[in-house]
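Please look at how the chains in this predicted model are arranged with respect to one another, and then at what surrounds each DNA strand. The paragraphs below take up the symmetry, the contact between the chains, the DNA surfaces and the domains, in that order.

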Number of protein chains: 2
Amino acid sequence: MEKNLNMREVARQANVSVATVSRALRSPDKVAAPTVARVQAAAESLGYVYNATAGDILKGRSTVIGLLVPAVGNALFGETLHGIQDVALAAGYSVIQGTTRYNETSEAMLVDSMLQRRVHALILTGMTYNMEARIQRLASEAGLRVVVVWEKPVKGKSISYVGFDNRDAARRMTEHLVDLGHHRIGLIAGPYSRVGRARCRLEGYRDALQGAGIPFDPDLVIERHPDLLDGREAMEALMALPERPSAVFATSDLLAIGALKAARSLGLSVPGDVSVSGFDDLDVVAYMNPPLTTMRVDAYRIGQLAAQVAIEPAGNPARHYCLDSDLVLRGSVGPCPKGT
Amino acid sequence: MEKNLNMREVARQANVSVATVSRALRSPDKVAAPTVARVQAAAESLGYVYNATAGDILKGRSTVIGLLVPAVGNALFGETLHGIQDVALAAGYSVIQGTTRYNETSEAMLVDSMLQRRVHALILTGMTYNMEARIQRLASEAGLRVVVVWEKPVKGKSISYVGFDNRDAARRMTEHLVDLGHHRIGLIAGPYSRVGRARCRLEGYRDALQGAGIPFDPDLVIERHPDLLDGREAMEALMALPERPSAVFATSDLLAIGALKAARSLGLSVPGDVSVSGFDDLDVVAYMNPPLTTMRVDAYRIGQLAAQVAIEPAGNPARHYCLDSDLVLRGSVGPCPKGT
DNA sequence: ATGAAAGCGCTAACAG
DNA sequence: CTGTTAGCGCTTTCAT
């Protein structure tokens, strides 16, 4: 009989008005204890389930958060999602999720559908494609909270950020390779022409080279979508260079896994012939052969903070969190082989 | 200016009634073309965004689907999610997602929050824990569509299934190992005491042994949650057995990746000393060293079908799809070494 | 402490 | 073809 009944039926059963049912169920402190008990008993016996949608519409603001990610399998997925979900659920929020697959049309459709649901907030993994202007406008004018995660905070915007310094992290990884004697260092970069995070990592790489007095060689940089096959192909291209790099920094673990595979196929030992490092510290990279040296951030924490920021009232100011990142040393990086 | 205005304001701007706005925007064929144009222009100029929530509440049925998965990183994630999303989005549905992490409390909370949103359908990855009775009841009485994916259809229920024959697939994988001469075959199984899918795979393993006249040895079976560390530990336990198996079938790729790592740590070559096979065909397993022999299903298709079934009207009958699965031969499985 | 009434943004009869 | 009216399930004044 759990046929989606409403408060009116509970009210009838408990011999009170709908208003009292609403109060008893949602703010019990405003109702006499025995009444609360009676209402709860009635609701229980009827199998009543609160209709969050109806509540939302009346209050004008919803308790739904929209989450947009470029791809599943990315670092965001996993721990960040868990962090978001844990905080959201505890606060009575639901998360509606969408994957853009680096596709403008998908992204636009997803954003539209989320706005149609009147999401209270949008959590994004970076400002991508052509949405930036629109999102900005929504954040400043329509009272929509927008939280960008995995990017370094940009001050002075109406948008919140929960991330870390991608540029600095990439610089530190590159310096680590330089310190081991590498001076020809390949970079398999993410889509830096469109994704800020990827661009920052490229810049961090350049910072490190510059700091070490190594000239920047554009031939050593390949721009790819962060996935396995792209990493493999990029690595093959890098290894086919006349003077091939002795180390390759892939700015995403997926790319690095692909690169490892390419090295293996080419009969190159890692790190004997060529070092490979990644970025994100996906769970699986510790299980690779060799295990991957990578850059780790507290993805769960990013998720928690993002959700906290997201569920704040619309009028609240934007928040800016910048977390630390840690270099995780594993077996895929070694000293530069002699004579290179 | 995009301050969440409503149809009334569009109506005023276009000099029509709200009802006409509603019709012009949602079913333009019922309105005169010039009026439609005028309304659309008004909506456009005001930056009006349709409020799907308000529409849902009135119609009594929502255009939201709830998706419950045990863990991100699982095979379901990735392609199945994409399949669901593509179909849902095209039909104007949103997906609210929740990860249970094999935790009863999380699962119960997530289901509650989805019911509070009056989701039109629930897509589940198996009937887990104590929810089964409740879900059954909701499906049959409350007009909620329930779709279980990745499980073999069970006839005669009010619940839809989109899956494949896990038992048969596991049997075929085990037979493949038997055919290569293995007769002591370890099984790293999923949580079969609670998850039907995992139980079926265990049964398929037993079917194959029985078919080959190999006695079942419970010491060779280890039950674990499908994740990397569990796979590693289980493999270590299996390899420490007095008479260790010459092949290990891990019923999830994550477990298999862990097993590969364990073998490497123990100095065992795969497949020289021990063969390892997985299940799911996660993208990454083709990139392992050695690449993993595994069982693949069309996860994207499962997602598409699941969403199609989910968005059917509540009164429609349950659907049952059983897809094929394919053995994917890669390098992690070889013939049984002599003398074992 | 509780009830009556108004109304959130939209849709679905029913008239005209 | 378009406007009027009623109302979805809930919350929130405002009385009592």
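A rotation of 180° with 0.0 Å of shift along its axis places chain B on chain A with an RMSD of 0.1 Å, where the superposition is a least-squares fit on the C-alpha atoms of residues with pLDDT of at least 70 in both copies. The two copies are thus related as by a two-fold rotation axis. Among the residues of chain B, I96(B) comes closest to that axis, with its C-alpha at 2.1 Å. The model is predicted, and local features need pLDDT of at least 70, side-chain atom pairs count only at pLDDT 80 or more, and totals for chains, interfaces and linings use all residues. Residues are numbered from 1 along each chain as its sequence is written, while chains are lettered from A and ligands numbered from 1 in the order in which they are written.

The contact between the chains takes 47 residues from chain B and 47 residues from chain A, two residues being in contact if their C-beta atoms, placed from the backbone, lie within 7 Å. On the side of chain B that touches chain A, two or more residues come from each of α4, α5 (76-90), β2 (94-99), α6 (104-116), α7 (132-141) and α11 (253-265) of chain B; helices (H or I, at least four residues) and strands (E, at least two) are DSSP runs, numbered from the N terminus. Because 100% of the interface residues of chain B are also interface residues in chain A, the copies meet through the same surface.

Turning to the DNA, 24 residues lie around strand C, and L58(A), N6(B), M7(B), A19(B) and S22(B) come nearest; a residue is near a strand if its C-beta atom, placed from the backbone, lies within 6 Å of it. The elements that give two or more residues to this surface are α2 (18-26) and α4 (52-59) of chain A together with α2 (18-26) and α4 (52-59) of chain B, and α4(B) gives the most, with five residues. DNA strand D is surrounded by 25 residues, of which N6(A), M7(A), A19(A), S22(A) and L58(B) are the closest. For the surface near DNA strand D, α2 and α4 of chain A and α2 and α4 of chain B each supply at least two residues.

Finally, an automatic or database domain assignment divides chain A into domain 1 (7-50), domain 2 (61-164 + 299-323) and domain 3 (166-296). The C-alpha centres of domain 1 and domain 2 of chain A lie 35 Å apart.
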